[in-house]
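Trainee: Could we walk through this model together, one question at a time?
Mentor: Gladly, let's have a look.

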Amino acid sequence: MGVMSGPYVIRGAVSLPEAELMWRFSRSSGPGGQHVNTSDSQVELRFDLAATESLPEVWKARALERLASRLVGGVVSVRASEHRSQWRNRETAAVRLAALLAEATAPPPKPRRKKKIPRGINERRLREKKQRGDTKRGRSGRDW
């Protein structure tokens, strides 16, 4: 079929280590006729996040914290069964895992710093509100 398009880059120079990936194949569910009954095209990709040495410690701690609900014994798993071929499902699962780890290891956003609104801007806003209110008040037909 072809060579897989790895290595799957998480971010920067860090990529998924092929030696630490655990693959499992099974039969996909759903329609597909005789093909589905004979081929193991569903792919489950597992990565032991708790035991890996390939991620920097800071990233690893961040990922363990953020993916805590998805981990089973420190292992994160991803499934793919959209395609009919096992090879394409392997590609999909590996890309999904890399994206998941990239998102989980991303640095937290910088905290928002409150800024004071300049006095002139606030005064102009209040003046415009006052003018608008006067305009609307002038529309009521009380003084016939």
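**A strand, its sheet and a helix**

Mentor: Let's start with V78, which is found in strand β5. Keep in mind that this is a predicted model.

Trainee: Does V78 count as buried or exposed?
Mentor: A residue is called buried when its relative accessible area is under 20%. V78 has a relative accessibility of 5%, so V78 counts as buried.

Trainee: Which residues is V78 in contact with, leaving aside its neighbours within four places in sequence?
Mentor: Distance along the sequence can mislead, as R46 shows: R46 and V78 are 32 residues apart in sequence, while their C-alpha atoms are 6.5 Å apart in space. With the neighbours within four places set aside, the contacts of V78 are V43, E44, L45, R70, A93, R96, L97 and L100.

Trainee: In what order do the three strands of the open sheet come?
Mentor: Strands of a sheet pair through backbone hydrogen bonds, either parallel or antiparallel. Here the pairing is antiparallel. The edge strands, each pairing on one side only, are β3 (21–26) and β5 (75–80). The order is β3-β4-β5.

Trainee: Over how many bridges do β4 and β5 pair?
Mentor: Strand β4 covers residues 42–48. One residue to look up is D48, whose bridge partner in β5 is V75. The two strands pair in the antiparallel sense, and the count is six bridges.

Trainee: What angle does the direction of α3 make with that of β5?
Mentor: Helix α3 packs on the sheet and touches β3, β4 and β5. Its direction and that of β5 make an angle of about 140 degrees.

Trainee: Now for helix α2: why are its buried residues on the same side?
Mentor: The buried residues of α2 (residues 57–66) are W59, K60, R62 and A63. On the other side of α2, E57, V58 and E65 are exposed. The buried ones lie on the same side because the arc they cover around the axis is only 165 degrees.

Trainee: What covers those buried residues of α2?
Mentor: Both strands and a helix take part in the cover. It includes β1 (9–11), β2 (14–15) and α3 (86–105).

Trainee: To finish with the whole chain, what pattern does it follow along the sequence?
Mentor: The chain has four helices and five strands. Buried residues make up 30% of its 144 residues. Read along the sequence, the pattern is β-β-β-α-β-α-β-α-α.

Methods: Residues are numbered from 1 along each chain as its sequence is written. This is a predicted model: local features need pLDDT of at least 70, side-chain atom pairs count only at pLDDT 80 or more; totals for chains, interfaces and linings use all residues. Side-chain values use heavy atoms; hydrogens and water are left out. Buried means under 20% relative accessible area, exposed over 50%, partly exposed in between (1.4 Å probe, protein chains only). The arc is that of the directions from the helix axis to the C-beta atoms. Contact means heavy atoms within 4.5 Å. Two strands pair if DSSP finds at least two bridges between them. Axes are lines fitted to C-alpha atoms, for helices over the stretch in contact, and angles run from 0 to 180 degrees between N-to-C directions.
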